[in-house]
Amino acid sequence: IDAYFELMYDYDVSRFNEVFADSAQLHGLRDDELKLITAGDFRSALSSNPSPKSNDAPRLQEVILVDLASATQAVVKVRVRIDKLQYIDYLSYHLVDGAWIITAKSFHVEKTF
């Protein structure tokens with residue numbers, strides 16, 4: 001979870017594959033429309049935009065819930081601020097080759113600053 005929070009703050013995509021599976025998909029509503037973002041498109045978006053860290057943006061990172069479905073699957077609910085947007089994210093994790101990795105993300109914009 002810490003690796004996810006760091007990536008959402010510094011956008012260091014050299015660590016992207018340690019956080020997200022190549023097959024991961026991100027879903028969320030934007031402008032009342034369901035958006036689907038692939039891991040590749042999300043990585044590209046991070047690498048082509050200034051990071052919250054580079055903007056000296058405030059950090060808000062909170063783990064709300066960890067639900068272990070098994071020894072190899074978990075769902076984590078987090079609150080994270082990325083620049084002017086505060087999100088509630090549901091992160092689906094799987095244990096792959098000894099490392100926990102996000103295989104799906106569902107996001108909701110909770111607040112705009």
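Here are some friendly notes on the fold, a few loop residues and one surface patch of this predicted model.

1. **The sheet as a whole.** A good place to begin is the open sheet, which has 6 strands in the order 2-1-6-5-4-3, with mixed pairing. Strand 2 and strand 3 are its edge strands, and each of them pairs on one side only. From one strand to the next, the twist averages 15°. As a general reminder, strands of a sheet pair through backbone hydrogen bonds, either parallel or antiparallel.

2. **Strand 1 and its parallel partner.** Which strand runs parallel to strand 1? That is strand 6 (residues 99-112), joined to strand 1 by 5 bridges. If you would like a residue pair to look for on screen, try Gln25, whose bridge partner in strand 6 is Ala104.

3. **Helices against the sheet.** Helix 1 (residues 2-10) packs on the sheet and touches strand 1, strand 3, strand 4 (73-82), strand 5 (85-96) and strand 6. The direction of helix 1 makes about 30° with that of strand 4. Helix 3 also packs on the sheet, with contacts to strand 1, strand 2 and strand 6. The direction of helix 3 makes about 85° with that of strand 2.

4. **Strand 1 and its antiparallel partner.** Strand 1 pairs with strand 2 as well, in the antiparallel sense and over 6 bridges. Within this pairing, Leu29 stands opposite Leu34 in strand 2. The two strands form a hairpin with 2 residues between them.

5. **Asp31 in the hairpin.** Please take a look at Asp31, in the loop between strand 1 (20-30) and strand 2 (33-38). Its phi is positive, about 55°, although Asp31 is not a glycine. Is Asp31 buried or exposed? Asp31 counts as exposed because its relative accessibility is 76%, and the cut-off for that class is over 50%.

6. **Asp56, another positive phi.** Asp56 lies in the loop between helix 3 (39-47) and strand 3 (61-70). Here too phi is positive, near 55°, in a residue other than glycine. With a relative accessibility of 67%, Asp56 is therefore classed as exposed.

7. **Ser51, a buried loop residue.** Ser51 is also placed in the loop between helix 3 and strand 3. Its relative accessibility is 9%, so Ser51 counts as buried; the cut-off for buried is under 20%. What does Ser51 touch, not counting residues up to four places away in sequence? The residues in contact with Ser51 are Tyr9, Asp10 and Tyr11.

8. **A nonpolar patch on the surface.** Finally, do colour Ile1, Val63, Val66, Leu68, Leu95 and Trp100, which form a nonpolar patch on the surface. Together these residues have about 490 Å² of accessible area. Which element gives the largest share of the nonpolar patch? Strand 3 does, with 3 residues. Val63, a member of the patch, is found in strand 3. Val63 counts as partly exposed because its relative accessible area is 40%. Strand 3 has already come up in these notes as an edge strand of the sheet.

Conventions: Residues numbered from 1 in each chain as written. Predicted model: local features only at pLDDT ≥ 70, side-chain atom pairs only at ≥ 80, totals over all residues. Heavy atoms only, no water. Helix = DSSP H or I, 4+ residues; strand = E, 2+ residues; numbered from the N terminus. Buried < 20%, exposed > 50% of the residue type's maximum accessible area, 1.4 Å probe, protein only. Patch = residues over 30% accessible without salt bridge, like charges linked within 9 Å, V, L, I, M, F, W, Y side chains within 5 Å. Areas by Shrake-Rupley, 256 points an atom, 1.4 Å probe, with all protein chains shown as cover. Salt bridge = Lys/Arg side-chain N within 4 Å of Asp/Glu carboxyl O. Pairing = 2+ DSSP bridges. Axes fitted to C-alpha atoms, helices over the stretch in contact; angles between N-to-C directions. Contact = heavy atoms within 4.5 Å.
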